[in-house]
Amino acid sequence: MASLVCEKSDPPTADDENSASDNDSEMNSLAATTTTTKSKKKKKKKKKSAAQKAATPNKPPHCRLLGTKQSPHFTNYYVSSDVGQTEPPTKRIFELEFSGKYPVGEIQDYTQEHNGFRKTSEEKMAMDLLREDYFNTVREAAEVHRQVRSYAQSFIKPGIELAEMCRMLEDKNRELIGEKGLERGIGFPTGCSINHVAAHYTPNSGDKTVLEYGDVMKIDFGSQIDGRIIDCAFTVAFDPQFDPLLEAVKDATNTGISNTGVDVRLCDVGASVEEVMESYEVEINGKMLPVKCIRNLNGHSIGQYQIHAGQSVPIVDNGDQTKMLEDQMYAIETFGVAGGRGHVIEEGECSHYMKNFDAPHVPLRLPKAKKLLGHINKTFGTLAFCRRWLDRDDGGSTFLHKQDGKQVGYLGALKNLCDVGIVAAYPPLVDVKGSYTAQYEHTILLRGTCKEVVSRGTDY
């Protein structure tokens with residue numbers, strides 16, 4: 001990216017000044033002009049200095065373990081580049097000065113011997129080049145995710161009501177991506193599962209849950225463009241006693257990413273994650289506890305408009321001999337627990353729903369069920385949604401419905417759609433009460449020549 005540089009005229013030379021002294025009337029005019037020009041130059045310099053000062057990231061997050069001591073993370077990191085983002089971010093990502101080419105994610109070489117040829121293969125490089133438009137779409141969605149989550153890190157702190165937190169985060173997600181129905185928008189509802197609740201919790205309307213200092217919360221949300229979903233998550237904690245738990249899960253996720261590759265067996269990725277995760281222990285309230293993998297939670301492949309596209313990436317050695325695929329997107333996510341059994345069950349009021357990707361054609365008798373299904377098809381398609389979005393005046397999409405999309409009295413119709421297999425319900429997934437769970441997740445592309453961690457940021 002090229003920075004815009006203001007061109008400056010050359011200052012008058014000594015010869016110019018001597019010749020000008022022979023022409024008094026011209027000199028007076030020239031002197032006045034020169035004085036004005038110098039004055040303007042000084043003002044321009046001052047303005048530039050002020051702009052440079054404003055473009056220095058300076059807001060640390062409230063929660064712990066984002067960034068490193070060597071490379072600290074600031075929630076307004078995006079003002080340091082020359083792409084023109086505001087603070088707080090208000091410009092849609094495609095309006096910024098990326099010249100149509102969005103930031104490439106973290107590039108990692110394949111470490112497996114059987115993939116050693118890929119980095120220098122002309123055939124694989126040509127294939128990557130042919131898929132550049134697809135990669136660029138994924139990278140745009142990833143840049144949205146980075147800026148949205150960094151903005152959220154500026155206001156996520158003890159005392160915030162979770163419903164308001166989700167509203168602020170999701171509104172910013174819609175704003176920066178330029179929400180346009182199924183073409184551009186949110187990938188799935190904001191998960192904000194706390195403590196023993198590991199996943200699939202977001203507040204329903206009327207839920208007044210407040211984030212506390214001693215909570216461990218998983219923030220898991222998605223952005224999508226043309227159905228290319230970025231699935232990325234991190235853990236929020238404020239009490240330093242939870243640091244080893246967060247470090248264990250972050251280390252395990254990065255280890256899993258490092259061990260992925262084309263034709264790598266899924267069980268081998270899981271084994272590498274398990275070995276790292278369970279090498280940690282954490283002292284909580286004076287009691288030393290081992291960190292365990294939550295064995296029945298997995299990463300997964302991602303398809304177009306399909307958050308779970310068929311392959312599950314385990315976080316333990318489960319013996320699955322299935323191999324990872326070239327040109328496939330994967331969400332590499334790991335979950336760890338301290339004080340729990342390492343196994344989750346469904347429990348609590350459901351908030352997450354999603355139309356089945358291969359939903360059967362079933363005749364619906366209830367008019368309300370037909371109406372709700374029509375709304376789901378138009379607004380969400382096969383992307384996940386939550387009850388809170390149905391309760392919004394726009395029904396989940398201002399672009400599609402303006403302020404006339406709110407669904408009323410829909411719970412019976414929603415249950416009917418679930419009962420006949422068109423829609424699936426995803427209740428909260430919980431470990432033992434009193435335990436603490438953590439999660440980190442990134443979206444990766446297994447390209448022909450390398451792997452690209454598209455969602456990597458300065459935070460994690």
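How much space lies in the largest cavity? In this predicted model, the space in the largest cavity comes to about 130 Å³, and the structure holds three cavities of 30 Å³ or more.

**The chain as a whole**

The protein chain has 460 residues, of which buried residues make up 51%, and its secondary structure consists of eleven helices and 17 strands. When contacts in the protein chain are counted between residues at least 6 apart in sequence, 74% of them join residues at least 24 apart.

**Cavity and pocket**

The largest cavity is lined by 15 residues, and those closest to its centre are Gly181, Ile186, Thr379, Phe380 and Gly396. Strand 2 provides the largest share of that lining, with three residues. The second largest pocket, for its part, holds about 600 Å³ of space. Its lining is made of 32 residues, with Ala199, His200, His300, His308 and Glu333 the closest to the centre of the pocket. Here, too, strand 2 has a part, since it gives the most to the lining of the second largest pocket, with five residues. The elements that supply two or more residues to this lining are strand 2 (184-194), strand 3 (197-199), strand 4 (216-225), strand 8 (299-302), strand 10 (329-338) and strand 12 (352-355). The make-up of the two linings by class is set out below.

| Space | Nonpolar | Polar | Charged |
|---|---|---|---|
| Lining of the largest cavity | six residues | six residues | three residues |
| Lining of the second largest pocket | 14 residues | 13 residues | five residues |

**Nonpolar cores**

The largest nonpolar core has 76 residues, and within it the most contacts are made by Ile156, Met165, Met217 and Ile219. Helix 4 (residues 132-153) contributes the largest share of this core, with nine residues. Apart from this core lies another, of 19 residues, which includes Leu364, Leu373, Phe380 and Trp389. Phe380, one of the residues of that other core, is also among those closest to the centre of the largest cavity. Returning to the largest core, Met165 is in contact with Phe155, Ile156, Ile160, Cys192, Met217 and Ile219, once its neighbours within four places in sequence are left aside.

**Two residues in detail**

Arg456 lies in the segment after strand 17 (451-453). Is this residue buried or exposed? Arg456 has a relative accessible area of 18%, and because buried means under 20%, Arg456 counts as buried. The side chain of Arg456 makes a polar contact with the side chain of Glu106, at 3.0 Å. Leaving aside neighbours within four places in sequence, the residues in contact with Arg456 are Glu106, Gln108, Arg146, Arg149, Asn254, Ile257 and His442.

Met288 is placed in strand 7 (residues 287-293). The relative accessible area of Met288 is 45%, which lies between the limits of 20% and 50%, and therefore Met288 is classed as partly exposed. Not counting residues up to four places away in sequence, Met288 touches Glu281, Val282 and Glu283. Which distance separates Met288 and Ala338 in space, C-alpha to C-alpha? The two residues are 50 residues apart in sequence, and their C-alpha atoms are 9.2 Å apart.

Methods:
Residues numbered from 1 in each chain as written. Predicted model: local features only at pLDDT ≥ 70, side-chain atom pairs only at ≥ 80, totals over all residues. Heavy atoms only, no water. Helix = DSSP H or I, 4+ residues; strand = E, 2+ residues; numbered from the N terminus. Buried < 20%, exposed > 50% of the residue type's maximum accessible area, 1.4 Å probe, protein only. Polar contact = N/O pair within 3.5 Å; in protein donor to acceptor, adjacent residues only side chain to side chain. Contact = heavy atoms within 4.5 Å. Core = buried A, V, L, I, M, F, W, Y, C linked by side-chain atoms within 4.5 Å. 1 Å grid on protein atoms, 1.4 Å probe; cavity = no way out; pocket = protein on both sides within 12 Å on 5 of 7 lines; lining within 4 Å. Points joined across faces, edges and corners; volume = space filled by probe spheres on them. Nonpolar A, V, L, I, M, F, W, Y, C, P; charged D, E, K, R; others polar.
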